[in-house]
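Subject: Structure for you to look at

Dear colleague,

Here is the structure I said I would pass on. My notes on it follow below the display.

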Amino acid sequence: MSRLQNFTFADLQRELRSLGVPGLLAGLALLLALGLALLAQRWDAQAAQAQADADQLRGQIRLLRAAGQAQAAAPATSAQWLAALPPAAERQQRLADLLEMGLRLGLVSARTEHRLSVDAASGLERLRVTMPLSGGYAQLRQYVGAALLHDPALSLDGLKLRRASPQAAEVEAELQWSLHGRAALPAQAADAAGTPPREGARP
């Protein structure tokens, strides 16, 4: 220990001169290899953490789905189940609420795609929403949970997560939602669209 304490900068210079150019190059190469190894370990750890985060979020979504399925399995007639769904007139407000919740949590959405399908025979409608998002993982997890709790007739059908680089603090996600509801009757649809009744039709 006393020898190390008495080791001065001049002693270091003498040791380096004794190594010569080949020794110095070998030492630098060793330091470089050590630095690269440490950096690779850090990248691997961050990539593993991102994968673990995605797996955890998918697991939480499966639990939410299972809870919703258990609730749906409660005794009820099809008419009661249909009556419990939101009407078509609330579709736009429900979509606005879904988008606004993400904005409030600081999630950025480049664009969303909507596709409405209506089953007249069953009286059901389904609005599919594809939503690309970017932001923090904690905010994304909070958003998914809050959205499903806010709208009981909302389902999350798909989720994709990725990071632009291992060092990126934000995640890029693509969420596929479905807003389920009661389809509007023809007369209700005409009223919602502002279409006047046909001549000769009864009021």
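A term first: helices here are DSSP runs of H or I with at least four residues, numbered from the N terminus. By that count, Arg91 belongs to helix α4. Please keep in mind throughout that this is a predicted model.

Overall layout

The protein chain contains six helices and four strands. Their order along the sequence is α-α-α-α-β-β-α-β-β-α. Of the 203 residues in the protein chain, 22% are buried. Taking contacts between residues at least 6 apart in sequence, 69% join residues at least 24 apart.

The core

The largest nonpolar core is made of 22 residues, and the ones with the most contacts inside it are Leu98, Leu140, Tyr143, Leu175 and Trp177. At least two residues of this core come from each of α4 (91-104), β2 (124-135), α5 (137-150), β3 (154-162) and β4 (171-182). Helix α5 gives the largest share, six residues. As background, nonpolar side chains in soluble globular proteins tend to be buried together.

Leu175 is a convenient place to start looking at the core. Setting aside residues up to four places away in sequence, Leu175 touches Val129, Thr130, Met131, Leu133, Leu140, Tyr143, Val144, Leu156, Gly158 and Leu159. One of these partners, Leu156, sits in strand β3. Leu156 has 4% relative accessibility and therefore counts as buried, the cut-off being under 20%. Between the C-alpha atoms of Leu156 and Arg128 there are 9.8 Å, while the two residues are 28 apart along the chain.

The α4 and α5 pair

How do α4 and α5 lie relative to each other, parallel or antiparallel? Their axes come within 10 Å and cross at roughly 150 degrees. Angles over 145 degrees count as roughly antiparallel, so α4 and α5 are roughly antiparallel to each other. The crossing of α4 past α5 is right-handed. On the α4 side the contact is made by Asp97, Leu98, Met101 and Gly102, and on the α5 side by Tyr143, Ala146, Ala147 and His150. Sorted by class, this contact of α4 with α5 consists of five nonpolar, two polar and one charged residues. Leu98 and Tyr143 are also among the residues with the most contacts inside the largest nonpolar core.

Arg91 and Ala88

Back to Arg91 in helix α4: is this residue buried or exposed? Its relative accessibility is 18%, so Arg91 counts as buried. Not counting residues up to four places away in sequence, Arg91 touches Leu116, Glu125, Leu127 and Leu179.

Ala88 is found in the loop between α3 (78-84) and α4. With 16% relative accessibility, Ala88 counts as buried because the limit is under 20%. Which residues are in contact with Ala88, leaving aside its neighbours within four places in sequence? They are Glu125, Arg182, Ala183 and Ala184. Glu125 is thus listed for Ala88 and also for Arg91. For Ala88 and Ala184, the C-alpha atoms are separated by 5.5 Å, with their positions 96 residues apart along the chain.

Regards

How values were computed: Residues are numbered from 1 along each chain as its sequence is written. This is a predicted model: local features need pLDDT of at least 70, side-chain atom pairs count only at pLDDT 80 or more; totals for chains, interfaces and linings use all residues. Side-chain values use heavy atoms; hydrogens and water are left out. A nonpolar core is a set of buried Ala, Val, Leu, Ile, Met, Phe, Trp, Tyr and Cys residues joined through side-chain atoms within 4.5 Å. Buried means under 20% relative accessible area, exposed over 50%, partly exposed in between (1.4 Å probe, protein chains only). Contact means heavy atoms within 4.5 Å. Axes are lines fitted to C-alpha atoms, for helices over the stretch in contact, and angles run from 0 to 180 degrees between N-to-C directions. Angles under 35 degrees count as roughly parallel, over 145 as roughly antiparallel, 65 to 115 as roughly perpendicular and the rest as oblique. A crossing is left-handed if the near helix is turned anticlockwise from the far one by less than a right angle, and right-handed if clockwise. Ala, Val, Leu, Ile, Met, Phe, Trp, Tyr, Cys and Pro count as nonpolar, Asp, Glu, Lys and Arg as charged, and the others, Gly among them, as polar.
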